[in-house]
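Q: Got a minute to go through a model with me? I'd like to talk pockets and helix packing.

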Amino acid sequence: MIGLLSQVQVDPMNLDIGSKGAIEVRQEMITETRSGRFVSVDNIVEAARGKRFVFVGEDHTSPEAHKWQDAVIRGLINDGRNVIVGLEMYQRPMQPFLDMWSIGYLSEEDFLAKSDWKGQWGFDFALYRPIFETVRNNSLRLVALNIPRDWVRTVGQKGYDSLSAEAKAEVPPLFLGNAEHKKIFTALMGGHPMTDSSHIYEAQVLWDEAMADSAIKYLAKTSVTDKTVFVVLAGNGHVMYRQGINYRIKRRTGKQGITVITAQVEKPTKMSKGLGDFVIGLEPVEAK
């Protein structure tokens with residue numbers, strides 16, 4: 001549907017976007033891209049001072065990715081930040097149940113049932129449990145970032161114009177002119193070039209625009225201070241090279257954030273410095 005396979009496979013982790021040069025990524029270590037040094041979570045927390053957003057990408061199936069996400073959240077709490085956690089995993093209509101989880105109103109069993117975890121996301125909740133326990137233990141605000149899956153599917157099949165008026169009223173207009181984002185998208189799709197008849201890229205942009213929109217709208221209606229930090233948890237593809245949700249938020253609000261990418265590596269591996277501000281190496285997940 002997207003077209004013929006490109007003659008050259010492009011590594012999404014080594015694109016020529018943003019900062020020039022390469023860094024080394026190792027298992028269970030954090031690389032600061034600016035310096036190439038191996039650092040700690042404390043360095044991520046320090047870099048986040050004065051920033052409204054922290055974007056932490058994930059490899060959905062990796063337990064280690066979620067442990068690192070939790071470590072970043074806990075580090076920000078310990079630094080005195082008022083942390084809000086935005087989740088790709090949940091669609092907007094589930095927000096009331098996220099609110100109830102944050103205040104300890106629901107048991108885990110009730111929360112998973114009422115919030116339709118399996119229908120909303122489907123990955124094993126055990127992968128995410130440390131994050132949700134940190135949220136509940138610290139009464140952190142949770143935000144459902146995603147939009148109904150049907151909207152994304154409709155755009156992918158027929159284009160943005162096919163959305164209902166009701167749906168269009170709930171999402172911002174799509175900006176399709178980010179050439180660097182298109183480069184990332186093409187690499188993630190295995191090097192398949194987009195065709196004029198394909199609406200898949202529109203669907204991807206809708207996804208990122210809508211999640212950015214959810215974060216912006218939530219901050220506009222909730223209490224914030226200079227200490228407030230909004231942590232976005234989403235797949236790496238939505239934040240890498242600062243061209244996804246992070247790009248959409250900056251374009252609309254001017255607010256800067258820091259970006260953390262998690263990546264599975266078999267051995268010390270060279271990756272682009274432009275991926276984000278920090279890259280965390282993960283032990284590979286065995287295929288089942």
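What follows is a chat about the largest pocket and three helix pairs.

Q: Before we start, what kind of model is this?
A: It's a predicted model.

Q: OK, pocket stuff. How much space lies in the largest pocket?
A: About 210 Å³.

Q: And which residues are closest to its centre?
A: Glu32, Arg34, Ala47, Asp277 and Phe278. They belong to a lining of 13 residues.

Q: Which elements give two or more residues to that lining?
A: Helix H1, residues 41-48, and strand E8, residues 257-264. H1 gives the most, with three residues.

Q: What does the lining look like by class?
A: Six charged, four polar and three nonpolar residues.

Q: Back to H1, then. At what angle does H1 pack with H2?
A: About 55 degrees, with the axes 9 Å apart; H2 here is residues 63-78. That angle makes H1 oblique to H2.

Q: Is the H1 and H2 crossing left-handed or right-handed?
A: H1 passes H2 in a right-handed crossing.

Q: Which residues meet there?
A: From H1 you get Val41, Ile44, Val45 and Ala48. On the H2 side they meet Trp68, Ala71, Val72, Gly75 and Leu76. By class, that contact has eight nonpolar residues, one polar and no charged.

Q: H2 packs with H6 as well, so what's the geometry there?
A: H2 and H6 (residues 129-137) sit at an angle of about 20 degrees, with their axes 8 Å apart. That makes H2 roughly parallel to H6.

Q: Which residues make that contact?
A: H2 brings His66, Gln69, Asp70, Ile73, Arg74 and Ile77, and H6 brings Pro130, Ile131 and Thr134. The contact of H2 with H6 has four nonpolar, three polar and two charged residues.

Q: Changing topic: how do the axes of H7 and H10 cross?
A: At roughly 150 degrees, and the axes come within 6 Å. H7 is residues 149-158 and H10 is residues 200-221.

Q: Are H7 and H10 roughly parallel or roughly antiparallel?
A: Roughly antiparallel, because angles over 145 degrees count that way. H7 passes H10 in a right-handed crossing.

Q: What's in contact between H7 and H10?
A: Trp151, Val152, Val155 and Gly156 in H7 meet four H10 residues: Ile200, Glu202, Ala203 and Leu206. Sorted by class, the H7 and H10 contact is six nonpolar, one polar and one charged.

Technical notes
Residues numbered from 1 in each chain as written. Predicted model: local features only at pLDDT ≥ 70, side-chain atom pairs only at ≥ 80, totals over all residues. Heavy atoms only, no water. 1 Å grid on protein atoms, 1.4 Å probe; cavity = no way out; pocket = protein on both sides within 12 Å on 5 of 7 lines; lining within 4 Å. Points joined across faces, edges and corners; volume = space filled by probe spheres on them. Nonpolar A, V, L, I, M, F, W, Y, C, P; charged D, E, K, R; others polar. Axes fitted to C-alpha atoms, helices over the stretch in contact; angles between N-to-C directions. Parallel < 35°, antiparallel > 145°, perpendicular 65-115°, else oblique. Left-handed = near helix turned anticlockwise from the far one by under 90°. Contact = heavy atoms within 4.5 Å.
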